[in-house]
Amino acid sequence: MKKYLAEMVGTFVLTFLGCGAAVALGCGTDTASVVGTAIAFGLAVVAMAYTIGGISGCHINPAITLGCFLSGRMNAKDCGMYMVFQVIGAILAAAVLAGIIGTAAVDPIITTKTGANACAFGVTNGLIVEIVLTMIFVLVVLGATAKTNGATNNFAGLAIGLSLILIHLVGIHFTGTSVNPARSIGPALFEGGQALSELWVFIVGPLVGGALAACIWKIIDCNCDKKAE
């Protein structure tokens, strides 16, 4: 139960700080706000990686959890429970954000009062962007945390956080960047409207991307993780 609670807390922090920064900076209104939001999400991951990484592995993202499951790094029970608690954490974070901001909504190009996601160029383009970016992100996670990485494994949290910054710099313009179903579900429930009607994009896209990353990793890693065990 401790690792499930750790995932809930970690996802809460990621969603609250990342989406909170997006709202506070008015993400999408100018370049500085986009860069600031990207950095916020990346730093939140780094902070949590070194806070709960030793307890749960710090997935704080159902797409990462799915990638780890398909790579044989966790069982089905833990996979399902991780996802449930990640979503709970994100919902709690979005509830706090919505409560703080209330009716004083910031509504620039993409970001809404809770930092919810929306497809700026249509759902098809949004789906493609989320699949590709999540695939890259989860592939970095699987590679950076692989046992065969040796000493570099100690810097996995930093590598993952920096990669998330890069991914946000690319994706914010198109979808607000999710690559994380939990991070999208929480805000969408309180935002409603376009964010809720397009929520399926930010669930399906990241999960497909995570599955593809697991497949790619299995091919290029040649089952080295299992050999190492």
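Colleague: Where does V179 lie?

Modeller: V179 sits in the loop between α6 and α7. Helices are DSSP runs of H or I with at least four residues, strands are E runs of at least two, and both are numbered from the N terminus. Do keep in mind that this is a predicted model: local features need pLDDT of at least 70, side-chain atom pairs count only at pLDDT 80 or more, and totals for chains, interfaces and linings use all residues. Residues are numbered from 1 along each chain as its sequence is written, and side-chain values use heavy atoms, with hydrogens and water left out.

Colleague: What is phi of V179, and is V179 buried or exposed?

Modeller: Its phi is near 50°, a positive value in a residue other than glycine. For burial, use relative accessible area: under 20% is buried, over 50% is exposed and in between is partly exposed, with a 1.4 Å probe and protein chains only. V179 has 1%, so it is buried.

Colleague: Which other residue has a positive phi near 50°?

Modeller: C58, again a residue other than glycine. C58 lies in the loop between α2 and α3, and with a relative accessible area of 12% it is buried. Just after α1, G26 takes a positive phi too, of about 65°.

Colleague: Back to the α6-α7 loop. Which residues is S178 in contact with?

Modeller: Contact means heavy atoms within 4.5 Å. Leaving aside neighbours within four places in sequence, S178 is in contact with N117, E130, R183, S184, F202 and P206. S178 is in the loop between α6 (156-175) and α7 (181-191), and it is buried at 2% relative accessible area.

Colleague: With which side chain does S178 make a polar contact?

Modeller: That of S184, side chain to side chain, at 2.6 Å. A polar contact is a pair of N or O atoms within 3.5 Å; within protein, one must be able to donate a hydrogen and the other to accept it, and residues adjacent in sequence count only if both atoms are side-chain atoms.

Colleague: How do I check a helix such as α1 against its expected span?

Modeller: The expected span is 1.5 Å times one less than the number of residues. Helix α1 has 24 residues (2-25) and should span 34 Å; its end C-alpha atoms are 34 Å apart, so the two agree.

Colleague: And how should I read the core? Which residues touch the most other members?

Modeller: In soluble globular proteins, nonpolar side chains tend to be buried together. A nonpolar core is a set of buried Ala, Val, Leu, Ile, Met, Phe, Trp, Tyr and Cys residues joined through side-chain atoms within 4.5 Å. The largest one here has 38 residues, of which I60 and F137 touch the most other members. At least two residues each come from α1, α2 (31-56), α3 (62-70), α4 (76-101), α5 (123-144), α6 and α9 (199-221). Apart from it lies another core of five residues, including A116, I185, A195 and L199.

Colleague: How many aromatic pairs does the whole structure hold?

Modeller: Rings of Phe, Tyr and Trp (its six-membered ring) pair if their centres lie within 6.5 Å; planes under 30 degrees apart are stacked, over 60 edge-to-face and the rest tilted. A search of the whole structure finds four pairs. Y4 and F85 are stacked, 5.8 Å centre to centre with 25° between the planes. This pair links distant parts of the chain, Y4 in α1 and F85 in α4, 81 residues apart. Y4 is buried at 6%, as is F85 at 12%. The rings of F12 and F16 are also stacked, because their centres are 5.9 Å apart and their planes at 5°.

Colleague: How are F12 and F16 placed in helix α1?

Modeller: An α-helix has 3.6 residues a turn, so residues three or four places apart point the same way. F12 and F16 are four residues apart in α1, so about one helical turn separates them. F12 is partly exposed at 27%, and F16 is partly exposed at 25%.

Colleague: Finally, what does the secondary structure of the protein come to?

Modeller: Ten helices and zero strands. The radius of gyration, taken over C-alpha atoms, is compared with a globule rule of 2.2 Å times the number of residues to the power 0.38. The protein has 16 Å, close to the 17 Å that the rule gives for 229 residues, so it is as compact as a globular protein of that length.
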